[in-house]
Structure formats: structure tokens, C-alpha cells
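This report describes one protein chain, from its overall organisation to individual residues. The sequence and the model are shown below.

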Amino acid sequence: MITKDMSITDIVMNHPEVLTVFREYGMGCIGCLAARFETLGQGAEVHGIDVDQLVDDLNAALEADAE
């Protein structure tokens, strides 16, 4: 399960299947240096994204991939 307190880099490294969700939200900075140090919540805030909706969509992608 993905939470807003997780590192963006950890999320992508452990769950590459969610990359499309990041792209849909316009978060193309996945490979940038800041992503290594930012939590998902911090990254969402910088991009003006509703972190709760982003977390829901990321977890939905995980569930869909598990099926």
C-alpha cells in the first residue's frame, strides 16, 4: 500500500507499474534529483495535486496490476 509519507523514488523502484499514474498527474519529475528526497505528499504539494486522490489512484493501479 502506498502512502503520502513514502519516498517518490521508493514508490517507483518498488512499484514501476504506477508510473503511468504519475504521468497522468503531470509528475514527470520521477527521475529528478528532488524525487530522491521528497515524499509523495511533498511532491504532490509542489505540483498542486490533491495528494489523497493521487494516493487513491496509485493504490488502485497496484490493485489492478495484482489481479
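## Confidence and overall fold

Among the helices of the protein chain, confidence is lowest in α1, with a mean of 90, and highest in α4, with 94. The model is predicted, and the mean pLDDT of the protein chain is 90, with 96% of the residues scoring at least 70. Where pLDDT is low, predicted coordinates should not be read in detail.

The protein chain contains 4 helices and 0 strands, and its elements follow the order α-α-α-α from the N terminus. Its radius of gyration is 11 Å, close to the 11 Å given by the globule rule for 67 residues, so the chain is as compact as a globular protein of that length. The C-alpha trace spans about 30 × 20 × 20 Å along its principal axes.

Contacts and surface complete this overall description. Of the contacts with a separation of 6 or more, 60% join residues that are 24 or more positions apart. Buried residues make up 37% of the 67 residues. The chain exposes about 4,100 Å², of which carbon and sulfur atoms supply 51%.

## The nonpolar core

The largest nonpolar core has 18 residues, and those with the most contacts inside it are I2, I8, V18, F22, L40, L54 and L58. At least two residues of this core come from each of α1 (8–14), α2 (19–24), α3 (40–46) and α4 (51–66). The largest share, 6 residues, is supplied by α4.

## Selected residues

The table lists four residues with their positions and relative accessibilities.

| Residue | Location | Relative accessibility | Class |
|---|---|---|---|
| S7 | segment before α1 | 18% | buried |
| E17 | loop between α1 and α2 | 29% | partly exposed |
| V18 | loop between α1 and α2 | 0% | buried |
| F37 | loop between α2 and α3 | 65% | exposed |

S7 counts as buried because its relative accessibility of 18% falls under the 20% cut-off. The side chain of S7 reaches the backbone nitrogen of D10 at 3.1 Å. Setting aside residues up to four places away in sequence, S7 touches A35, R36, E38 and T39.

V18 and E17 both lie in the loop between α1 and α2. V18, with 0% relative accessibility, counts as buried, and it is among the core residues with the most contacts. When neighbours within four places in sequence are left aside, V18 is in contact with I2, I11, L58, A61 and L62. The C-alpha atoms of V18 and D65 are 9.1 Å apart, although 47 residues separate the two in sequence.

Which residues does E17 contact, leaving aside its neighbours within four places in sequence? They are L62 and D65. E17 counts as partly exposed at 29% relative accessibility. Between E17 and V46, 29 residues apart in sequence, the C-alpha distance is 23 Å.

F37, in the loop between α2 and α3, has a relative accessible area of 65% and is therefore exposed, the cut-off for that class being over 50%. The C-alpha atoms of F37 and M1 are separated by 20 Å, and the two residues are 36 residues apart along the chain.

Methods. Residues numbered from 1 in each chain as written. Predicted model: local features only at pLDDT ≥ 70, side-chain atom pairs only at ≥ 80, totals over all residues. Heavy atoms only, no water. Rg over C-alpha atoms; globule rule 2.2 N^0.38 Å. Buried < 20%, exposed > 50% of the residue type's maximum accessible area, 1.4 Å probe, protein only. Contact = heavy atoms within 4.5 Å. Areas by Shrake-Rupley, 256 points an atom, 1.4 Å probe, with all protein chains shown as cover. Core = buried A, V, L, I, M, F, W, Y, C linked by side-chain atoms within 4.5 Å. Polar contact = N/O pair within 3.5 Å; in protein donor to acceptor, adjacent residues only side chain to side chain. pLDDT = per-residue confidence, 0-100.
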